[in-house]
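Subject: Structure for you, with notes

Hello,

Here is the structure I promised to pass on. Please open it first, then read the notes below it.

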Amino acid sequence: MKINKAKKLLEIDIMKFLLLFSSGLDSSSVAYYYAKKGLDFDCLFINYGQSSARMQLKYGKIICEKLKRRLIIINAKNLGEAFVNNNWLRPHEPIIHRNLVIVPIAIAYAKQNGYKRVIMATIKEDCEYEPNRRDIMEKLKELGEILGVRFETPFVNFPKYLLLKIGIKSGLDPSLTYSCLLGHKYHCGKCSQCLKRIEAFKQAKIRDPTIYK
């Protein structure tokens, strides 16, 4: 899929919307793409107890400041802790089916605060890694429709490397994004998200500025 052809699939009206934001390559690329188009949106960051929350938020604040976009922060850290309360080893992602939790929160927030759309940067690789994700997304869209909020995943057929190229073309500095599941200062280079990040740069034939430890 070429960039110009892909962009035609991403047209969105001028109504203000809410972007689910994690400061990773995908959501950051989307933020820069829509900002360059001059669209009006706010970013929503949800801390649900993931190990990377602190680093995600650090870079999320930097990106939103650069884009002059409001960053809305919902701190639900105890939610994730409750999911793994009886586990002796705490996973870096405490909620396995986290989209079932964070997307309804985003939709409910949008409904209460006057947003008509919620955008999520789910990509092709996400659906390959989690085979039932498309079905889950469709059901969540139905939930949004009930409340009069459109939940959209316009990048669901986009490979990660293509969205990265679109982001960089829109002005994204990828060194200001964070993907690692571990939540340390530097990317580990070994977790599933780091490996996807490394592969995206390779496929896009773009130098990876990330520091891996």
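One definition before the pockets: Ala, Val, Leu, Ile, Met, Phe, Trp, Tyr, Cys and Pro count as nonpolar, Asp, Glu, Lys and Arg as charged, and the others, Gly among them, as polar. By that scheme, the lining of the largest pocket holds 14 nonpolar, 12 polar and 8 charged residues. Please keep in mind that this is a predicted model.

**Pockets**

The largest pocket has a volume of about 830 Å³. Its lining is made of 34 residues, and those closest to the pocket centre are Ser22, Tyr48, Arg98, Arg133 and Gln193. Which elements each supply at least two residues of that lining? They are helix H2 (25-36), strand E2 (41-47), helix H5 (99-112), helix H6 (124-129) and helix H9 (192-204).

The second largest pocket encloses about 160 Å³. Its lining consists of Lys58, Tyr59, Ser175, Thr177, Tyr178, Lys185, Tyr186, His187, Arg197, Pro209, Thr210 and Ile211. By class, that gives 5 nonpolar, 4 polar and 3 charged residues.

**Salt bridges**

How many salt bridges does the structure hold? There are 7. Here are some of them.

Aspartate 42 pairs with lysine 16 through their side chains, at 3.3 Å from N to O. This pair links distant parts of the chain, with the partners 26 residues apart. Aspartate 42 sits in strand E2, and lysine 16 in the loop between helix H1 (3-8) and strand E1 (17-20). Aspartate 42 is buried, because its relative accessibility is 4% and the cut-off for buried is under 20%. Lysine 16 has 34% relative accessibility, so lysine 16 counts as partly exposed.

Aspartate 126 forms a salt bridge with arginine 133, and their closest N and O atoms are 3.5 Å apart. Are these two partners buried or exposed? Aspartate 126 is buried, at 12% relative accessibility. Arginine 133 is buried as well, at 8%. Arginine 133 also appears above, among the residues closest to the centre of the largest pocket.

Lysine 141 and glutamate 138 make another salt bridge, with the closest N and O atoms 3.4 Å apart. Both residues lie in helix H7. They are 3 residues apart, about one turn of the helix. Glutamate 138 has a relative accessible area of 43%, so glutamate 138 is partly exposed.

There is also a network of salt bridges, which links Arg117, Arg150 and Glu152.

**Surface patch**

Leu143, Ile146 and Leu147 make a nonpolar surface patch of about 260 Å². Leucine 147 belongs to helix H7 (residues 133-147). Its relative accessible area is 32%, so leucine 147 is partly exposed.

**Buried positions**

Isoleucine 119 lies in strand E4 (residues 117-119). Why does isoleucine 119 count as buried? Because its relative accessibility is 0%, and buried means under 20%. Isoleucine 119 and arginine 70 are 49 residues apart along the chain, and their C-alpha atoms are separated by 15 Å.

Helix H8 (residues 160-169) has these buried residues: Lys160, Leu162, Leu163, Leu164, Ile166 and Gly167.

**Backbone angles**

Serine 23 has a positive phi, near 75 degrees, although serine 23 is not a glycine. Serine 23 sits in the loop between E1 and H2. Serine 23 is buried, with a relative accessible area of 0%.

Lysine 205 likewise has a positive phi in a residue other than glycine, near 60 degrees. Where is lysine 205 found? It is in the segment after H9. Lysine 205 is exposed, because its relative accessibility is 78% and exposed means over 50%.

Glycine 171 comes just after H8 and takes a positive phi of about 110 degrees.

Best wishes

Conventions:
Residues numbered from 1 in each chain as written. Predicted model: local features only at pLDDT ≥ 70, side-chain atom pairs only at ≥ 80, totals over all residues. Heavy atoms only, no water. Patch = residues over 30% accessible without salt bridge, like charges linked within 9 Å, V, L, I, M, F, W, Y side chains within 5 Å. Areas by Shrake-Rupley, 256 points an atom, 1.4 Å probe, with all protein chains shown as cover. Salt bridge = Lys/Arg side-chain N within 4 Å of Asp/Glu carboxyl O. Helix = DSSP H or I, 4+ residues; strand = E, 2+ residues; numbered from the N terminus. Buried < 20%, exposed > 50% of the residue type's maximum accessible area, 1.4 Å probe, protein only. 1 Å grid on protein atoms, 1.4 Å probe; cavity = no way out; pocket = protein on both sides within 12 Å on 5 of 7 lines; lining within 4 Å. Points joined across faces, edges and corners; volume = space filled by probe spheres on them.
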